[in-house]
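Thanks for coming. I will go through one model this morning, starting with the chain as a whole and then moving to two helices and a pocket.

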Amino acid sequence: LATQPDNMSRVPSWASSSEGSICRRRSSVTNTELDVIQAISEAFASLDKDGSGTLSVHEIEVGLKRLMILNDPRNDTDSICAALDINGDGQIHPEEFHSYIHPTVDSYASSGKYLDVQDIMKEAFQATIAEGRRSRDEVIQGFMQAAAQTADAHSKQAGWAMPLNKKWMHKLYDDIYDSPDSPDAPRYKHQRGGQYVVRRLDELQDSHLPTLKAKRAREAYLSKIGCPDQNALSKFCTAWQGKISAYRFACAGPMEV
């Protein structure tokens, strides 16, 4: 089969049924590149409910809910949009959708499968959703385990008479992962997992700040989230980062010898 076309203007714009529902394209075992392009166009148009030529987050979520049962619609949609929205402008353009879905369509065509639009999108989306859930789990489970570890260490040191205030930990979680207001934070939550969270935890662990301005900024940040001091922040960030690494290692499984 030919490789992905360079110019998306070659992709036809015809697609969905009169009701705008996801339709199924049937093809013979002799799938051609035109069949592949038409299947991609059909898939895109089936999601483009308003006919704008781009897909919004809402349109992706509606399409996902028609295709499959979602346990976590908001975050699963976020994972799909993060994979689709290559330029990060909040809209999914035809060429971005083509780049994402083409390998799955091509795989169907190469093996002589029917180019069933529903099945193609399900297969592509399910793989992305599974990866998104794994990414969220490592951050969330790492956070919960670090919070529990910190609370346990506090109780041993201070006793149950002085329970640990965890509110600032949850504010830290929101600030760097769930709902950050930093301009350099990635648009999608899925993109804030992994390297972004680890980098932010690295930054916040560092107590040796080079300038007075940086020190004052850190003091303002501690006040913002209600953290008692830099030492508490450093210890918790170290614990959270360690739990993320441990989760990744456990998910990777034993190395083959």
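Of the contacts between residues at least 6 apart in sequence, 68% join residues at least 24 apart. Keep in mind that this is a predicted model. The chain has 10 helices and 0 strands, so the order of elements from the N terminus is simply α-α-α-α-α-α-α-α-α-α. Of the 257 residues in the chain, 44% are buried.

Next, helix α9. This helix covers residues 212-225, which makes 14 residues. From first C-alpha to last, α9 reaches 20 Å, close to the 20 Å expected at 1.5 Å a residue. Which residues of α9 are buried? They are R218, Y221, L222 and I225. Looking down the axis of α9, these buried residues fall within an arc of 100 degrees, so they line one face of the helix. On the other side of α9, the exposed residues are L212, K213, R216, E219 and S223. What do the buried residues of α9 pack against? Their partners are α6, α8, which is residues 195-205, and α10. After α9 comes G226, with a positive phi near 80 degrees.

Now α3, residues 73-84. Its 12 residues reach 16 Å from the first C-alpha to the last, again set against an expected 16 Å at 1.5 Å a residue, and the two are close. Is α3 mostly covered or mostly open? Mostly covered: 9 of the 12 residues in α3 are buried. The buried stretch takes in N75, D76, T77, D78, S79, I80, C81 and A82, and L84 is buried as well.

Last, the pocket. Rolling a probe the size of a water molecule over the atoms shows where empty space is left. In this model, the largest pocket holds about 440 Å³ of space. It is lined by 20 residues, and the closest to its centre are T150, H154, L164, A232 and K235. Which elements give two or more residues to that lining? They are α5, residues 117-158, α6, residues 167-178, and α10, residues 230-252. By type, the lining residues of the largest pocket split into 9 nonpolar, 7 polar and 4 charged.

One link back to the earlier part: α6 and α10, which contribute to the pocket lining, are also among the elements that the buried residues of α9 pack against. That is where I will stop.

Note on methods. Residues numbered from 1 in each chain as written. Predicted model: local features only at pLDDT ≥ 70, side-chain atom pairs only at ≥ 80, totals over all residues. Heavy atoms only, no water. 1 Å grid on protein atoms, 1.4 Å probe; cavity = no way out; pocket = protein on both sides within 12 Å on 5 of 7 lines; lining within 4 Å. Points joined across faces, edges and corners; volume = space filled by probe spheres on them. Helix = DSSP H or I, 4+ residues; strand = E, 2+ residues; numbered from the N terminus. Nonpolar A, V, L, I, M, F, W, Y, C, P; charged D, E, K, R; others polar. Expected span 1.5 Å × (residues − 1). Buried < 20%, exposed > 50% of the residue type's maximum accessible area, 1.4 Å probe, protein only. Arc of directions from axis to C-beta. Contact = heavy atoms within 4.5 Å.
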